[in-house]
Amino acid sequence: MWQKIYIIISMVKKMIRYATCNDIDFWISLDKHISIENLKKKFKDKECLVILDNNELVGILRFNYFWDNTPFVNMLYIKNEYQRKGYGRELMLFFENEMKNNGYNEVMTSTQIDEEGKYFYLKLGYKHTGSLYLDNQAEELILIKEL
């Protein structure tokens, strides 16, 4: 008689949490688009998330509120060696769940048309809702998702 053999694979310990001032050095190594003063304020206002793998910081998500009432992801970045392994997806899903739990029924983000990020967001259910054209830059796609 055949015996079932179960192989237990140790799962990588991932954690998502709101960023703290202890995360500043890691954050600014990835995000060059915000001053340290503004970043500290966003940390205080709980508008920044980090994802960790076995206690190592591997990614960031920064957001604000479009028109002061719709959560808008400004920055999502995962360290190169952790990209395409589900960390970005987990961070976005955590963010979306947090926003839904806080009473929001939609979230927004944007990405340049020439970046691969557009495919990432489309796979997560975001819909292209408009574009922004700035001088000397690629078209910026505006994306929205109902929660």
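Mentor: Two strands pair if DSSP finds at least two bridges between them, and a strand is a DSSP run of E with at least two residues, numbered from the N terminus. By those rules, this structure has an open sheet of seven strands with mixed pairing, in the order β1-β2-β3-β4-β5-β7-β6. Its edge strands, β1 (14-18) and β6 (127-132), each pair on one side only.

Trainee: What should I know before trusting the details?

Mentor: This is a predicted model, where local features need pLDDT of at least 70, side-chain atom pairs count only at pLDDT 80 or more, and totals for chains, interfaces and linings use all residues. Residues are numbered from 1 along each chain as its sequence is written, and side-chain values use heavy atoms, leaving out hydrogens and water.

Trainee: What makes β2 and β3 a pair?

Mentor: The rule asks for at least two bridges; strand β2 (residues 48-53) and β3 have six, in the antiparallel sense. Asp53 stands opposite Glu56 in β3. In the hairpin itself there are two residues between the strands, and Asn54 takes a positive phi near 50 degrees.

Trainee: And what joins β3 to strand β4?

Mentor: Eight bridges, with β3 and β4 (residues 70-78) running antiparallel. Ile60 stands opposite Tyr77, while the bridge partner of Gly59 is Ile78. That hairpin has three residues between the strands, and Trp67 takes the positive phi, near 55 degrees.

Trainee: Why is Cys48 left without a disulfide bond?

Mentor: A disulfide needs two cysteine sulfur atoms within 2.5 Å. The closest cysteine sulfur to that of Cys48 belongs to Cys21 and is 10 Å away, so it's too far for a bond. The structure holds zero disulfides.

Trainee: Which of the words buried, exposed or partly exposed fits Cys21, and which fits Cys48?

Mentor: Buried means under 20% relative accessible area, exposed over 50%, and partly exposed in between (1.4 Å probe, protein chains only). Cys21 has 49%, so it's partly exposed; Cys48 has 1%, so it's buried.

Trainee: How do you know that the span of helix α3 agrees with its number of residues?

Mentor: A helix is a DSSP run of H or I with at least four residues, and its expected span is 1.5 Å times one less than its number of residues. With 15 residues (87-101), α3 should span 21 Å, and its end C-alpha atoms are 21 Å apart. Among its buried residues are Leu91, Phe95 and Met99. After α3 comes Gly103, whose phi is positive, near 95 degrees.

Trainee: Why is the pair of Phe63 and Phe95 called tilted?

Mentor: Rings of Phe, Tyr and Trp (its six-membered ring) pair if their centres lie within 6.5 Å; planes under 30 degrees apart are stacked, over 60 edge-to-face, and the rest tilted. Here the centres are 5.0 Å apart and the planes at 55 degrees, so the pair is tilted. Phe63 lies in β3 (residues 56-66) and Phe95 in α3, so the pair ties together parts 32 residues apart in sequence. Both Phe63 and Phe95 are buried.

Trainee: How does the pair of Phe120 and Tyr121 come out, stacked or edge-to-face?

Mentor: Edge-to-face, because the planes are at 70 degrees, with the ring centres 5.1 Å apart. Phe120 is partly exposed at 27%, whereas Tyr121 is buried at 6%.
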